[in-house]
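Q: Please take a close look at a single part of this model and show how it fits into its surroundings. Short sentences will do, and I would like the reasoning spelled out.

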Amino acid sequence: MPIFLANNSLAESFMIRGIYKMPFLFLGQEVWITTTTVSTIIITIMLLAFGIFAGSKLKNAKEIPTGFQNFIEMAVEALNSMGDGILGENKNRFINYIGTIFLFILTSNLSGFMGMRAPTADYGVTFCLGIFTFAIVQFQGIKNHGIGHFTSLFQPVPVLFPINLIGEFANPLSISLRLFANLLSGVIMLGLWYGMMPIFTQLAIPSFLHAYCDLFSGCIQTYVFCMLTMVYVNDKL
Amino acid sequence: MGISGQDFIYGCSAIGAGLALIAGIGPGVGQGIAAGYGASAVGRNPGARSDITSTMLLGQAVAETTGLYGLVVAIILMFVKPFG
């Protein structure tokens, strides 16, 4: 059983579960459809529907916004002001990517409210997000500094090259582990509560845990991930 | 009663998971210090409350990382059983 990493039944309330085993092997490994895959697909469909709806609303935008258009404009302005603070005049080149991952991570973190296991509590998802950040940072470094991007690893003295190299590769690991571990701790706490506590305590009390672990922690970590991505990119401009 | 080698490894993994969570001391102290300075900054300049709060929360979330590394190590020892 490759998905059930733990063999006690309590752990199954918060572990990633396999739903369907694919009938083929990929590079000698079994391929599973897990809860993460399903909830990622649900979240993608929700974001897609939201985007199509918002786009069609903004096709006939009014001069004085009301209702839904007001909400969209507020969100875009908040995102722009977040980018202005760090990236300055280079904001417009990166704000699309930042906005996309912001929406995806925020919706994933809040998906605990909808009874799903948050996809960001799976290291496979957050590590991919970290790899995206790493790729953008390295691409910008090579594009803007050329060979100086690599010689800067030998600054100020060549002896520090290993430390600089580790520091470069530690960035995607640290931002992805931060997001993953925060969400995982929330998922484990709520899984233990729902799995262990008597039935009458599960009526209203978990809402406080949800408010802290999903809402507060999730929003803060989304903000931190986007901020740090912008800070790392801004270093290479 | 006989303790097999496997049981001994599981027990040691559980002790190691407990020891890994000592890492929670550092972020606790650090976040407390950040919150204390944030409170005194709000006391000196109440007008900048929202700026101070967002800066403090960002710094605390970054300082939390080392404690979360300990949590990840503990969870791996408990549930993934790398030595079992």
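A: Start with the chain that holds the part. In chain A, 63% of the contacts between residues at least 6 apart in sequence join residues at least 24 apart. The model is predicted. The part to look at is helix α6 of chain A, residues 161–196.

First, the setting. Chain A has seven helices and two strands. Their order along the sequence is β-β-α-α-α-α-α-α-α. The C-alpha trace of chain A spans about 60 × 55 × 40 Å along its principal axes. Of the 237 residues in chain A, 37% are buried. The area that chain A exposes is about 13500 Å², and carbon and sulfur atoms supply 72% of that area.

Now the helix itself. Three of its residues give a way in: A:Glu168, A:Ser174 and A:Leu190.

Take A:Glu168. What does A:Glu168 form with A:Lys236? The two form a salt bridge, and their closest N and O atoms are 3.3 Å apart. This pair links distant parts of the chain. A:Glu168 sits in helix α6, while A:Lys236 belongs to the segment after α7 (206–235) of chain A. The two residues are 68 apart in the sequence. Both A:Lys236 and A:Glu168 are buried.

Next, A:Ser174. A:Ser174 lies in the same helix, α6 of chain A. Is A:Ser174 buried or exposed? Its relative accessible area is 13%, so A:Ser174 counts as buried, the limit being under 20%. Which residues touch A:Ser174, once neighbours within four places in sequence are left aside? They are A:Tyr232 and B:Tyr69. One of these contacts, B:Tyr69, is in chain B.

That contact leads to the interface. In total, 14 residues of chain B are in contact with 22 residues of chain A. The area buried between chain B and chain A is about 1500 Å², and carbon and sulfur atoms give 76% of that. Salt bridges across this interface number zero by the rule. Polar contact between chain B and chain A comes to one residue pair, with both residues at pLDDT 80 or more. On the chain B side, the elements that give two or more residues are α3 (49–63) and α4 (65–80) of chain B. The largest share, eight residues, comes from α4(B). By class, the side of chain B that touches chain A has 11 nonpolar, one polar and two charged residues.

Back to helix α6 of chain A, for A:Leu190. The relative accessible area of A:Leu190 is 6%, so this residue is buried, again by the limit of under 20%. With neighbours within four places in sequence left aside, A:Leu190 is in contact with A:Pro206, A:Leu209, A:His210, A:Cys213 and A:Asp214.

A:Leu190 also gives a reference point for the start of the chain. Its C-alpha atom is separated by 29 Å from that of A:Glu30, a residue 160 places away along the chain. A:Glu30 has a salt bridge with A:Lys21, at 3.6 Å from N to O. How covered are these two residues? A:Glu30 is partly exposed, with a relative accessible area of 41%. A:Lys21, at 40%, is partly exposed too.

Close by in sequence terms is A:Leu27, in the loop between β1 (18–26) and β2 (29–34) of chain A. A:Leu27 counts as exposed, at 75% relative accessibility. Its phi is near 55 degrees, a positive value in a residue other than glycine. Most residues other than glycine have a negative phi.

How many salt bridges does the structure hold over all chains? There are three. Besides the pair in which helix α6 takes part and the pair of A:Glu30 and A:Lys21, A:Lys91 forms one with A:Asp84, with the closest N and O atoms 3.7 Å apart. In that pair A:Lys91 is buried at 12% relative accessible area, whereas A:Asp84 is partly exposed at 42%.

To draw the helix together: A:Glu168 pairs with A:Lys236 in a salt bridge, A:Ser174 touches A:Tyr232 and B:Tyr69, and the contacts of A:Leu190 include A:Pro206 and A:Leu209.

Definitions and conventions: Residues are numbered from 1 along each chain as its sequence is written. Chains are lettered from A and ligands numbered from 1 in the order in which they are written. This is a predicted model: local features need pLDDT of at least 70, side-chain atom pairs count only at pLDDT 80 or more; totals for chains, interfaces and linings use all residues. Side-chain values use heavy atoms; hydrogens and water are left out. Contact means heavy atoms within 4.5 Å. Buried area is the accessible area (1.4 Å probe) that two parts lose on being put together, summed over both. A salt bridge is a side-chain nitrogen of Lys or Arg within 4 Å of a carboxyl oxygen of Asp or Glu. A polar contact is a pair of N or O atoms within 3.5 Å; within protein, one must be able to donate a hydrogen and the other to accept it, and residues adjacent in sequence count only if both atoms are side-chain atoms. Helices (H or I, at least four residues) and strands (E, at least two) are DSSP runs, numbered from the N terminus. Ala, Val, Leu, Ile, Met, Phe, Trp, Tyr, Cys and Pro count as nonpolar, Asp, Glu, Lys and Arg as charged, and the others, Gly among them, as polar. Buried means under 20% relative accessible area, exposed over 50%, partly exposed in between (1.4 Å probe, protein chains only). Accessible areas come from the Shrake-Rupley method with a 1.4 Å probe; for residues, only the protein chains shown count as cover.
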